[in-house]
Amino acid sequence: MLLDITDLLHGNCKEKLLDLTFKESNFSYADEEIIFSEPVNIKGKLKVSKGIICLNAKVKSELLLTCSRCLEKFKYPIDLEINEKISDKVAEGDDDTIFAKDSNVDLDKIIQDNIILALPVKKLCKKDCKGLCPNCGANLNHTKCNCKNDNIDPRFAKLKDLFS
């Protein structure tokens, strides 16, 4: 979603309130499809200060992610604080400021970047997810498999007899 900030860049106003709800398109990150299961709600404001536009907003939505252990889809609520600097001038060495091309800011890109930063490294459907059986592939959250766990490191095989 492109946001027109012409009036802020030309000094016609110093502040612009945001209260938007829109359907965000899904995106890929680290070979995983990030799916939005609810529309994105963004509330906040754009404020001009010394030629730089500051975006301060709260973003709420819900994602469908894949659990890292059991590979099932689960709902993951998003509640983010976004604080970004926007300018229409490219400053060398300023990687923190977002460049507004043609007086438009790509809100999709800003939201996606902030979501990526907020995602957990290991995405779990629940804290005590048991994952998949390494032998038969059964989801241990739903079933109990009858596989024997005799995967003993041969270097420690003699220690197994110590306790019998």
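**Close-up views of a predicted protein chain**

**Figure 1. Asn-114 is found in helix α2.** In this model, which is predicted rather than determined by experiment, the side of the chain around Asn-114 can be described through its contacts and its cover. Asn-114 has a relative accessible area of 13% and is therefore buried, since a residue counts as buried when that value is under 20%. Leaving aside neighbours within four places in sequence, Asn-114 is in contact with Leu-80, Ile-82 and Glu-84. A further pair in this view gives a sense of scale: Asn-114 and Glu-38 are 76 residues apart in sequence, and their C-alpha atoms are 17 Å apart in space.

**Figure 2. The protein chain as a whole combines three helices with nine strands.** Read along the sequence, these elements follow the pattern β-α-β-β-β-β-β-β-β-β-α-α. Along its principal axes, the C-alpha trace of the protein chain spans about 80 × 35 × 20 Å. The radius of gyration of the protein chain is 24 Å, whereas a compact globule of 164 residues would have one near 15 Å. Of the 164 residues, 30% count as buried, and the protein chain exposes about 11,200 Å², of which carbon and sulfur atoms supply 51%. Among the contacts between residues at least 6 apart in sequence, 53% join residues that are at least 24 apart.

**Figure 3. Glu-32 and Lys-123 form a salt bridge.** The closest N and O atoms of this pair are 3.4 Å apart. Glu-32 lies in strand β4 (residues 32–36) and Lys-123 in the loop between α2 (107–118) and α3 (157–162), so the pair ties together parts of the chain that are 91 residues apart in sequence. What relative accessibility does Glu-32 have, and is Glu-32 buried or exposed? The value for Glu-32 is 13%, and Glu-32 therefore counts as buried. Its partner, Lys-123, is likewise buried, with a relative accessible area of 12%.

**Figure 4. Lys-58, Asp-79 and Glu-81 are linked in a network of salt bridges.** In the salt bridge between Lys-58 and Asp-79, the closest N and O atoms are 3.6 Å apart. This pair links distant parts of the chain, with Lys-58 in strand β6 (residues 52–66) and Asp-79 in strand β7 (residues 73–87), 21 residues apart. The side chains of Lys-58 and Glu-81 also meet in a salt bridge, at 3.3 Å from N to O. Here again distant parts of the chain are linked, because Lys-58 lies in strand β6 and Glu-81 in strand β7, 23 residues apart. The three residues can also be described by their cover: Lys-58 is partly exposed, with a relative accessible area of 34%, Asp-79 is partly exposed at 47%, and Glu-81 is exposed, with a relative accessible area of 52%.

**Figure 5. Glu-24 is buried yet has no salt bridge.** Glu-24 lies in the loop between β2 (15–22) and β3 (27–29). Which side chain of opposite charge is nearest to Glu-24, and how far away is it? The nearest one belongs to Lys-23, which is 9.1 Å away, while a salt bridge requires a side-chain nitrogen of Lys or Arg within 4 Å of a carboxyl oxygen of Asp or Glu. Not counting residues up to four places away in sequence, Glu-24 touches Phe-36, Val-40, Asp-108, Ile-111 and Gln-112. For the charges of the whole structure, the protein chain has 26 positive and 27 negative side chains, the centres of the two sets lying 8 Å apart, and the structure holds six salt bridges.

**Figure 6. Ser-103 lies in the loop between β8 (97–99) and β9 (104–106).** With a relative accessible area of 17%, Ser-103 is buried. Which residues does Ser-103 touch, not counting those up to four places away in sequence? The residues touched by Ser-103 are Leu-3, Asp-4, Ile-5, Thr-6 and Leu-9.

How values were computed
Residues are numbered from 1 along each chain as its sequence is written. This is a predicted model: local features need pLDDT of at least 70, side-chain atom pairs count only at pLDDT 80 or more; totals for chains, interfaces and linings use all residues. Side-chain values use heavy atoms; hydrogens and water are left out. Helices (H or I, at least four residues) and strands (E, at least two) are DSSP runs, numbered from the N terminus. The radius of gyration is taken over C-alpha atoms; the globule rule is 2.2 Å times the number of residues to the power 0.38. Buried means under 20% relative accessible area, exposed over 50%, partly exposed in between (1.4 Å probe, protein chains only). Contact means heavy atoms within 4.5 Å. Accessible areas come from the Shrake-Rupley method with a 1.4 Å probe; for residues, only the protein chains shown count as cover. Lys and Arg count as positive and Asp and Glu as negative; His and the chain ends are not counted. The place of a charge is taken as NZ of Lys, CZ of Arg, CG of Asp or CD of Glu.
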